Amino acid sequence: MINLDLYLITTEVPQMGRSHIDVARAGIAGGASVIQFREKGKDNQTIYEIACKIRELTRTAGIPFIVNDRVDIALAVDADGIHGGQKDMPAAAVSSFIGKVKIVGTSVSSVEEAVRAEREGASYLGVGPIFPTPSKSDAGEPIGCEMLAQIRKSVSIPLVAIGGINLNNVEDVFKAGADGIAVISAVACAPDMEQAVKELLKKFKELKCPKNRKE
């Protein structure tokens with residue numbers, strides 16, 4: 001089963017001189033359990049070249065590499081899986097392209113979407129946005145932890161919470177039923193990206209295993 005503890009989605013932060021590869025490298029160094037490459041604004045050749053480099057990094061580190069939306073890129077670089085949204089190809093159709101051994105994630109924001117995605121064969125669900133987020137202009141309105149909890153009760157596959165996740169609200173999403181946390185700006189825009197990953201991961205692992213908490 002895929003470890004979703006710290007699911008890092010790469011991005012570029014031009015004002016800080018950070019590329020997708022910089023973010024992925026720092027995430028891996030910090031202990032991220034999954035790396036997802038998400039890029040919608042570049043040409044196909046550039047997207048492919050970046051994906052190849054991140055694929056190499058993740059293969060060396062031995063962690064899953066997920067490509068957002070682009071089944072063609074995922075196949076071309078032999079990614080471990082693909083993640084799609086509600087307007088993308090259904091999980092069942094994606095599975096028919098990449099094979100049953102690959103990971104298929106689906107973004108959902110309601111119980112109805114979650115149940116349908118599970119029925120179609122999704123490996124895990126990205127649930128959100130839980131809180132307001134500046135990272136994705138197409139994210140929609142925050143659904144909150146109450147909806148996350150409702151979705152948790154409605155499906156049996158793993159859930160990763162996304163959208164405005166940071167050290168201050170990790171506990172809230174964990175209590176609502178998240179199996180992992182997905183972050184973008186909490187790492188990519190942090191002064192020290194590697195340290196940000198370590199702190200978020202440490203917090204989530206402590207919540208999963210209370211005996212590890214400091215009194």
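Let me begin with one residue, arginine 59, which at 47% relative accessibility counts as partly exposed, where buried means under 20% relative accessible area, exposed over 50%, and partly exposed in between, with a 1.4 Å probe and protein chains only. Before going on, I should say that this is a predicted model, in which local features need pLDDT of at least 70 and side-chain atom pairs count only at pLDDT 80 or more, while totals for chains, interfaces and linings use all residues. Residues are numbered from 1 along each chain as its sequence is written, and side-chain values use heavy atoms, with hydrogens and water left out.

Arginine 59 is found in helix H2; the helices (H or I, at least four residues) and the strands (E, at least two) are DSSP runs, numbered from the N terminus. What does arginine 59 contact, leaving aside its neighbours within four places in sequence? The partners are Val77 and Asp78, with contact meaning heavy atoms within 4.5 Å. Serine 95, by comparison, is 36 residues from arginine 59 along the chain, and the C-alpha atoms of the two are separated by 21 Å.

One of those partners, aspartate 78, lies in the loop between H3 and S4, and its phi is positive, about 55°, although aspartate 78 is not a glycine. At 41% relative accessibility, aspartate 78 counts as partly exposed.

Helix H2, residues 44–61, also packs with helix H1, residues 20–30, and here a general remark may help. Two packed helices are described by the angle between their axes and the distance between the axes. For H1 and H2 the angle is about 10° and the axes are 10 Å apart; the axes are lines fitted to C-alpha atoms, for helices over the stretch in contact, and the angles run from 0 to 180 degrees between N-to-C directions. H1 and H2 are therefore roughly parallel to each other, since angles under 35 degrees count as roughly parallel, over 145 as roughly antiparallel, 65 to 115 as roughly perpendicular and the rest as oblique. On the H1 side the residues in this contact are His20, Ile21, Ala24, Arg25 and Ile28, and they meet Ile50, Lys53, Ile54, Leu57, Thr58 and Ala61 in H2. These residues divide into 7 nonpolar, 2 polar and 2 charged, where Ala, Val, Leu, Ile, Met, Phe, Trp, Tyr, Cys and Pro count as nonpolar, Asp, Glu, Lys and Arg as charged, and the others, Gly among them, as polar.

Let me turn to the salt bridges. How many does a search of the whole structure find? The search finds 11, a salt bridge being a side-chain nitrogen of Lys or Arg within 4 Å of a carboxyl oxygen of Asp or Glu. One of them joins the side chains of aspartate 69 and lysine 40, at 2.0 Å from N to O. That pair links distant parts of the chain, 29 residues apart, with aspartate 69 in the loop between strand S3 (65–68) and H3, and lysine 40 in the loop between strand S2 (34–37) and helix H2. Aspartate 69 also has a positive phi, of about 70°, although it is not a glycine.

In helix H9, residues 193–208, lysine 198 and glutamate 194 lie 4 residues apart, about one turn of the helix, and their side chains meet in a salt bridge of 3.2 Å, N to O. Lysine 198 is partly exposed, with a relative accessible area of 37%, and glutamate 194 is partly exposed at 30%.

Glutamate 206 and lysine 202 meet in a salt bridge as well, at 2.6 Å from N to O. Is each of these two residues buried or partly exposed? Glutamate 206 counts as buried at 16% relative accessibility, whereas lysine 202 counts as partly exposed at 45%. Elsewhere, salt bridges that share partners join Arg59, Asp78 and Lys102 into one network, which brings us back to the arginine of the opening.

I will end with helix H4, residues 91–98, whose buried residues are Ala91, Val94, Ser95 and Ile98. Why are they on the same side of H4? They cover an arc of only 100° around the axis, the arc being that of the directions from the helix axis to the C-beta atoms. On the other side of H4, Ser96 and Phe97 are exposed. What covers the buried residues includes helix H3 (71–76), strand S4 (81–84), strand S5 (103–108) and helix H5 (111–119).
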